[in-house]
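Here is a short tour of the aromatic side chains in this model, with a stop at one loop proline along the way. Please keep the structure open beside the text as you read.

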Amino acid sequence: MVWRLVFLWVWLLSVIMSFSSPTVASEKSRISGFFAGNLRFPNSNQPSDEGNGFGEVLGRVGYALFEDEIHRVSLFTHAIIVGDTTGFSFNNTNRVGVGLRYRVKATRRLTFTFSGRYDWFAQRDTDVRLDGERYAIDAFYFRFWSAKSGLRRFGLPVHSSVLRIFSTLSTPGSLSPGNRNVVLDFGGEISERYTLPKTNWRFASFVDLTGTWDLDGNSFNNRVIPAVGLRFERPLQGGSIRIGARIRADYRWIDDTFDVKPGFIAGWFIAF
C-alpha cells in the first residue's frame with residue numbers, strides 16, 4: 001500500500017508538472033535512455049556456478065513529460081534479456097515493462113529516482129510466465145577527479161579517478177503471486193584510470209563492493225561481495241567498453257559461507 005501511495009504521488013506530480021510551462025528544449029531532447037551489456041565468468045563464486053558463464057543485454061528508453069534543472073518526470077519502457085551457459089531456468093529469462101519515473105537532483109552529484117512500472121516476465125526454457133507491478137527507489141552518487149599533471153602509476157600517466165555509489169530499494173522481490181518481499185541492492189566502486197600511449201584505450205585499477213539484503217531472509221539476497229581488479233576501457237560517445245579481470249569474495253551470512261575466486265568481466269554502456 002505504501003508503495004502504491006508513493007507511485008500515486010509521483011503520478012499526480014507528473015500531471016501537474018506536465019501542464020506547467022514547458023522547459024524541455026525540443027521534442028528530441030525529451031527522449032533519453034541507455035543500452036548496455038555485461039558478461040562475467042564465472043557467474044558467481046557459488047559451487048553451482050562452477051564453469052558457468054553469464055550474460056545480459058538491457059536497455060531503457062524514456063520520454064520526458066517535464067524537466068528542469070532539478071526535476072525530471074518521464075514515461076519509460078525497459079527490457080532485459082539474460083542467459084547463462086549452464087542453462088539454469090532462472091538465468092535464461094526475458095523481461096519487458098512500462099512505467100513512470102520521477103528523478104530529482106539532491107545535489108550536483110547525488111540523484112534520487114522514484115519509479116513504478118508494470119513488468120512481463122518469461123523463462124525461455126519453461127512455461128513460467130508472470131506479470132505485475134514493481135516499485136523502486138534509486139539513489140546514485142557520481143564523482144570525477146582529473147589527475148594532477150605529471151602523476152604516474154604502473155609506469156603510466158594517471159588520467160583520472162571516479163567514484164560511483166548506488167542503491168535500489170524495490171518491492172516485490174519477484175513477480176510470483178503473493179510475493180511481498182522488499183529487496184535492497186547496494187554497491188560502489190572507486191577506480192583510477194591511466195593513459196595508454198598511441199591508443200584510445202585506457203588501463204584502470206578498481207576496488208568495488210556490491211551487496212543485497214531482503215526482508216524474507218533468502219540466502220541469495222543476503223550477501224556482500226568486495227572485489228579488486230584491473231581492466232581496459234575504451235571511451236565511446238556517451239559510454240564505454242570494458243574488459244578485465246578481478247578477484248572477489250562472496251560472503252552470505254544466512255548460510256555463513258565465504259568464497260574467494262578470480263573471474264573475468266566485460267561490458268559496454270551507451271547513454272543518449
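The notes below go from ring pairs to a ring cluster, then to a charge over a ring, and end at the proline.

This is a predicted model. It holds 11 aromatic pairs. One of them, formed by F35 and F272, is stacked, and this pair links distant parts of the chain.

**The F35–F272 pair**
- The ring centres of F35 and F272 lie 5.6 Å apart, with 20 degrees between the planes; the pair counts as stacked because planes under 30 degrees apart fall in that class.
- F35 belongs to strand β1 (residues 31–41), whereas F272 is found in the segment after β13 (257–271).
- In sequence, F35 and F272 are 237 residues apart.
- F35 is partly exposed, at a relative accessible area of 42%.
- F272 is also partly exposed, and its relative accessibility is 42%.

**Cluster and charge**
- Four residues, F154, Y194, F203 and F232, come together in one aromatic cluster.
- R231 places its charged end over the ring of F206, at 4.6 Å from the ring centre.

**The loop proline**
- Moving on to P177, you will find this residue in the loop that runs between β8 (156–171) and β9 (183–195).
- P177 counts as exposed because its relative accessibility is 77%, and the cut-off for exposed is over 50%.
- Look across from P177 to D131: their C-alpha atoms are 9.2 Å apart in space, while the two residues are 46 residues apart in sequence.

Notes. Residues numbered from 1 in each chain as written. Predicted model: local features only at pLDDT ≥ 70, side-chain atom pairs only at ≥ 80, totals over all residues. Heavy atoms only, no water. Phe/Tyr/Trp six-rings, centres within 6.5 Å; stacked < 30°, edge-to-face > 60°. Helix = DSSP H or I, 4+ residues; strand = E, 2+ residues; numbered from the N terminus. Buried < 20%, exposed > 50% of the residue type's maximum accessible area, 1.4 Å probe, protein only. Lys NZ or Arg CZ within 6 Å of the ring centre and 35° of its normal.
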